[in-house]
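Subject: The structure for you to look at

Hi,

Here is the structure I promised to pass on. Have a look around it first, then read my notes below.

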Amino acid sequence: MDEPPFRVTLQPQGWTFEAAPDQTLLLAGLAAGIRLPHSCRNGTCRTCIAQLQSGTIHHRIEWPGLSAEEKLAGWILPCVAQARSDITLQAPAATQIVNAPRPVVLQAPIPPGPMPTDRDDDVRIST
Ligand code: FES
């Protein structure tokens, strides 16, 4: 049976999304339309670094690119972090993913003037 997801809240935006226990915070955010800065996605480049304000996470790799002091201060790498409770993250660089542009409806240009007619069943209104 699947475990219920945890709630992730981003500050200062106040945005929230759900993260399954086996899902990284980065991928859970992307699935919810929220983009955290990222690059390598494997815990080495530190582009995604964010600060945990409350809750518990687990890094799914043994040696994420963080010092012991950074871990104690609550810094995490969302690309390899999984929620273990509801959490709040300080992530001011997070952005919402803008929906794809609306499809363009192609239309033939309308010729100027009245439309030519050569059919008897055309409707004509005369005054
Ligand atoms: S994206 Fe590189 S460490 Fe997270």
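Let's start in the sheet: strands S4 and S6 run antiparallel and are joined by two bridges. One facing pair there is Ala 50, which sits opposite Ile 76 in S6. By "pair" I mean that DSSP finds at least two bridges between two strands. Strands are DSSP runs of E with at least two residues, helices are runs of H or I with at least four residues, and the numbering starts from the N terminus.

Before going further, two things about how to read all this. It is a predicted model, so local features need pLDDT of at least 70 and side-chain atom pairs count only at pLDDT 80 or more, while totals for chains, interfaces and linings use all residues. Residues are numbered from 1 along each chain as its sequence is written.

The overall picture

The protein has two helices and nine strands. Read from the N terminus on, the elements go β-β-α-β-β-β-α-β-β-β-β. There are 127 residues, and 24% of them count as buried. A residue is buried if 20 or more other C-beta atoms lie within 10 Å of its own, exposed if 12 or fewer, and partly exposed in between, with the C-beta atoms placed from the backbone. Among contacts with a separation of 6 or more, 61% come from residues 24 or more positions apart. A contact here means that the C-beta atoms of two residues, placed from the backbone, lie within 7 Å.

The five-stranded sheet

In what order do the strands of the open sheet come? The order is S2-S1-S8-S4-S6, and the pairing is mixed. S2 and S6 (75-76) are the edge strands, each pairing on one side only. As background, strands of a sheet pair through backbone hydrogen bonds, either parallel or antiparallel.

You can walk across the sheet from the S2 edge. S1 (residues 6-11) and S2 (residues 16-19) run antiparallel, with four bridges between them. Phe 6 faces Ala 19 in S2, and Arg 7 has Glu 18 as its bridge partner in that strand. Next, S1 and S8 run parallel, again joined by four bridges. Here Thr 9 has Thr 88 of S8 as its bridge partner. Then S4 pairs with S8 in the antiparallel sense over three bridges. Across that pairing, Leu 52 stands opposite Leu 89, and Ser 54 stands opposite Thr 88.

S8 (residues 87-90) is a good strand to look at closely. Which of its side chains are buried? Ile 87 and Leu 89 are, and they point to one face, whereas Thr 88 and Gln 90 point to the other and are not buried. That is what you would expect, because side chains in a regular strand alternate between the two faces of the sheet.

Backbone oddities

Most residues other than glycine have a negative phi, and most peptide bonds are trans. Here are some spots to check with that in mind. The peptide bond from Gln 11 to Pro 12 is cis, with omega near 15°, and Pro 12 lies in the loop between S1 and S2. That hairpin has four residues between its strands, and Gly 14 takes a positive phi near 85° there.

Two arginines also have a positive phi: Arg 41, near 65°, and Arg 46, near 75°. Arg 41 is in the loop between S3 (34-35) and S4 (50-54), and Arg 46 is found in the loop between S3 and S4 too. Are they buried or exposed? Arg 41 is partly exposed because it has 16 other C-beta atoms within 10 Å; Arg 46 is partly exposed as well, with 15.

Back at the start of the chain, Pro 4 sits in the segment before S1. Pro 4 counts as exposed because 9 other C-beta atoms lie within 10 Å. Its C-alpha atom is 7.8 Å from that of Pro 21, which is 17 residues away along the chain.

How far to trust it

pLDDT is the predictor's confidence in each residue, from 0 to 100. The mean for this protein is 85, and 76% of its residues reach 70 or more. Over residues 121-126, though, pLDDT stays under 50, and the model has one contact beyond four places in sequence for that stretch. Where pLDDT is low, the predicted coordinates should not be read in detail.

Have fun with it!
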